[in-house]
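I opened my notebook with two topics in mind: pockets and aromatic rings. Here is what I looked up.

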Amino acid sequence: MPWHSCAHGTPAGRAPAAADWRPADPVRDPCREVGAALIVLEGPRRILWERRGPACWRPARLWPSPAERRGLADHIGAGRPLVVVLEELPCAVEVLPEELRRAPGPLAALARPGGDGPAAIDIPPLDWLPEPIRARGRAFAACGPELIRANPELRLSALVFEPAGDRSGPVRFAVATGGRPIRDTELALLA
């Protein structure tokens, strides 16, 4: 089955139903669908970019949109699996001053000026999840790097999962080890 992502528009601005919540660009979007499972890459990929010319890009928006948030809430509420890969927490994405000038207001509001150099857009970590799940993800993100430092053999894998006893419900968290890139085939196995 091909990858599906979750960042897309819907006709006439209606909110997507769970059945029609489907992909735009699986290369750049942070959410992918595999069977009944969603896999979200939490980190710099949450900033979606838009091409404005041959060598001109702008940060277009922060994923998820309000419609995508409703789709995620419906997915979790239905008890379908969601795997959140914590690539980088906290996360700030550097943008050139000219890119920031072209960014929409809500995204520009998250930026820290960089003086004469690049600015940084701070991505609110896990802000799209309900608070109890968000707190569990932040806690795992905080202990994940120490777990990897204490067990260097974990770097042989691209991902380390939270212990099964630490979770309830359909949401699972994994930390990217940084030992090597995460392959699409590995993401497919998460579902």
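I sorted residues by class first: Ala, Val, Leu, Ile, Met, Phe, Trp, Tyr, Cys and Pro count as nonpolar, Asp, Glu, Lys and Arg as charged, and the others, Gly among them, as polar. This is a predicted model, where local features need pLDDT of at least 70, side-chain atom pairs count only at pLDDT 80 or more, and totals for chains, interfaces and linings use all residues. Residues are numbered from 1 along each chain as its sequence is written, and side-chain values use heavy atoms, with hydrogens and water left out.

**Pocket**

I looked up the largest pocket (on a 1 Å grid over the protein atoms alone, an open set of points where a 1.4 Å probe fits, with protein on both sides within 12 Å along at least five of seven lines). Its volume, the space filled by probe spheres set on the points, is about 160 Å³. Lining residues have an atom within 4 Å of a point; among them are Leu86, Ala141, Arg155 and Thr177. By class, I noted seven nonpolar, one polar and four charged residues in this lining. The largest share, four residues, comes from α4.

**Aromatic rings**

I searched the whole structure and found one aromatic pair (ring centres within 6.5 Å). The rings of Trp63 and Trp128 have centres 5.5 Å apart and planes at 70°, so I logged the pair as edge-to-face (over 60 degrees). Trp63 is buried (under 20% relative accessible area, 1.4 Å probe, protein chains only), at 0%. Trp128 is buried too, at 7%.

Terms used:
Helix = DSSP H or I, 4+ residues; strand = E, 2+ residues; numbered from the N terminus. Phe/Tyr/Trp six-rings, centres within 6.5 Å; stacked < 30°, edge-to-face > 60°. Buried < 20%, exposed > 50% of the residue type's maximum accessible area, 1.4 Å probe, protein only.
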